[in-house]
Amino acid sequence: MDHSGSLASTRRGLMVASGVLGVLAALGVRSRPRAAGVAAVAESAFFLLVMSDASVLSSIGYALVPAVLLGVAGSVAVGCVRRQPVAYVLAVLLPAGLIASLTMTDAVSRYLVNVASGFGVYGGRIARSWAMAIAAVGWAWLAYGSFARGRKVTVPRRARAVTIAAALCPVPYALTWVTWVTPWPLGGFDPRTGHITLIAVEGGDAATRMQGFLIGLSAVLAVVLALGLISRWGEVVPRWVPRLDGRPVPVMLAVGPGAFGAVALCVSAPGVLAGGVQMGSWVDGVLFVLMFPCPVRGPLLGAAVLAYWARRRTAEPSRSAGGAVA
């Protein structure tokens with residue numbers, strides 16, 4: 001019996017049913033908004049729980065690598081403008097290391113080939129996952145408009161603790177992959193065996209190590225940005241930033257990426273749970289979810305971003321009022 005064929009037929013049938021329900025919901029948005037909201041909830045749950053997977057999160061992880069490299073280069077440049085000795089040293093060492101890696105090894109070129117071949121093989125699946133995720137978010141927004149839009153938003157309780165918890169979620173993943181630049185790489189999920197290993201038996205070649213290290217740096221960036229939601233530098237531009245120091249950080253500059261990350265994590269959560277269930281043992285399943293804690297991290301990050309947005313929004317009128325009185 002061809003299970004893959006029957007599964008594909010089932011998915012096509014569900015997509016047709018989803019399309020019919022979507023048309024009915026769209027026709028009833030104005031005349032019966034509550035019913036349309038219920039249909040939107042069902043549509044969002046369908047695309048989130050049935051049609052999407054964790055490919056969205058993995059593609060974001062690779063996309064963050066250039067952002068991390070640009071951030072490092074920008075920080076070094078700012079340090080040089082501020083005449084920091086450490087920045088001068090890094091401005092010499094980093095380009096020298098890049099030139100050495102390009103001339104003495106093929107690690108960089110092989111890393112780029114690995115990434116390109118991966119997107120070549122899984123590009124279609126990634127694009128399909130993004131389409132399903134966008135559909136889930138779109139229907140969720142319609143459901144929000146039917147039931148919750150316009151209600152008063154208050155700062156959630158224990159916002160600081162929630163934000164710290166959200167920032168700590170990617171720490172195991174970050175520590176694991178950052179060690180791949182050392183002679184003692186930690187393990188993680190091994191796709192060859194389907195198990196979680198605490199110590200990497202085979203560290204891989206230089207390109208594989210570089211790939212793991214850069215992904216780890218993107219996870220470190222996620223930790224730092226999450227902590228920025230409760231830090232002063234997340235509300236006021238730090239002094240070391242030229243020309244912008246002391247100015248308020250635009251609210252959407254933090255809320256936009258944070259909300260995007262929270263949605264991506266929530267969309268990836270069902271796929272992570274399914275992956276954990278399919279592991280060879282319950283121990284591997286638990287460790288797999290701990291390495292990729294999307295079911296917990298997504299809601300925590302969403303609550304942290306909401307708390308930041310509510311706090312900044314309530315602080316702006318009071319600051320304006322204080323300035324007017326003065």
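A residue counts as partly exposed when its relative accessible area falls between the buried range, under 20%, and the exposed range, over 50%. That yardstick comes up again and again below, and it is applied here to a predicted model.

Start with the overall layout. The protein chain has 11 helices and 2 strands. Read from the N terminus, the order of elements is α-α-α-α-α-α-α-β-β-α-α-α-α. Of its 326 residues, 32% count as buried. The accessible surface adds up to about 19400 Å², and carbon and sulfur atoms account for 71% of that. As for how the chain packs against itself, take the contacts between residues at least 6 apart in sequence: 73% of these join residues at least 24 apart.

Next, the charged pairs. Searching the whole structure turns up 1 salt bridge. It is made by the side chains of Glu-235 and Arg-311, at 3.1 Å from N to O. The two partners come from distant parts of the chain, 76 residues apart: Glu-235 sits in the loop between helix 8 (206–227) and helix 9 (251–277), while Arg-311 belongs to helix 11 (residues 294–325). Side chains of opposite charge can pair when their charged atoms come close. How much of this pair is open to the outside? Glu-235 has a relative accessible area of 24%, so it is partly exposed. Arg-311, with 25%, is partly exposed too.

The neighbouring residue in the numbering, Arg-312, is also in helix 11. With a relative accessible area of 2%, however, Arg-312 is buried. What does its side chain reach? The side chain of Arg-312 gets to the backbone oxygen of Val-249, at 2.7 Å. Setting aside neighbours within four places in sequence, Arg-312 touches Gly-234, Glu-235, Pro-248, Val-249 and Val-251. Glu-235 thus turns up twice in this part of the model, as a contact of Arg-312 and as the salt-bridge partner of Arg-311.

Helix 9 brings in another residue, Gly-256. Its relative accessibility is 30%, so Gly-256 counts as partly exposed. Gly-256 and Val-305 are separated by 49 residues in sequence, but their C-alpha atoms are 9.0 Å apart in space.

Now the cysteines. How many disulfides does the structure hold? The count is 0. A disulfide is a covalent bond between the sulfur atoms of two cysteines. The cut-off that matters here is 2.5 Å between the two sulfur atoms. For Cys-266, the closest cysteine sulfur is the one in Cys-294, and at 8.8 Å it is too far for a bond. Looking from the other side, the sulfur of Cys-294 has its closest cysteine sulfur in Cys-266, at that 8.8 Å. In terms of accessibility, Cys-266 is partly exposed at 30%, whereas Cys-294 is buried at 2%.

Cys-80 is found in helix 3. Buried or partly exposed? With 22% relative accessibility, Cys-80 counts as partly exposed, because the buried class stops under 20%. Beyond its neighbours within four places in sequence, Cys-80 is in contact with Ala-87, Tyr-88 and Ala-91. For Cys-80 and Ala-91, the C-alpha atoms are 8.0 Å apart, with the two positions 11 residues apart in sequence terms.

Helix 3 also contributes to a surface feature. Val-72, Val-86, Leu-90 and Leu-94 make up a nonpolar patch, with about 320 Å² of accessible area together. Which element gives the most to the patch? That is helix 4 (residues 85–104), with 3 residues. Val-72, for its part, lies in helix 3 (residues 55–81). Val-72 has a relative accessible area of 38% and is partly exposed, so it clears the bar of over 30% that patch residues have to pass.

Finally, there is Ser-129, in helix 5 (residues 107–147). At 2% relative accessibility, Ser-129 counts as buried. What is Ser-129 in contact with, leaving aside its neighbours within four places in sequence? The contacts are Ser-52, Asp-53, Ser-55 and Val-56.

Terms used:
Residues are numbered from 1 along each chain as its sequence is written. This is a predicted model: local features need pLDDT of at least 70, side-chain atom pairs count only at pLDDT 80 or more; totals for chains, interfaces and linings use all residues. Side-chain values use heavy atoms; hydrogens and water are left out. Patches are made of residues with over 30% relative accessible area and no salt bridge: like charges are joined within 9 Å, nonpolar side chains (Val, Leu, Ile, Met, Phe, Trp, Tyr) within 5 Å. Accessible areas come from the Shrake-Rupley method with a 1.4 Å probe; for residues, only the protein chains shown count as cover. A salt bridge is a side-chain nitrogen of Lys or Arg within 4 Å of a carboxyl oxygen of Asp or Glu. Helices (H or I, at least four residues) and strands (E, at least two) are DSSP runs, numbered from the N terminus. Buried means under 20% relative accessible area, exposed over 50%, partly exposed in between (1.4 Å probe, protein chains only). Contact means heavy atoms within 4.5 Å. A polar contact is a pair of N or O atoms within 3.5 Å; within protein, one must be able to donate a hydrogen and the other to accept it, and residues adjacent in sequence count only if both atoms are side-chain atoms.
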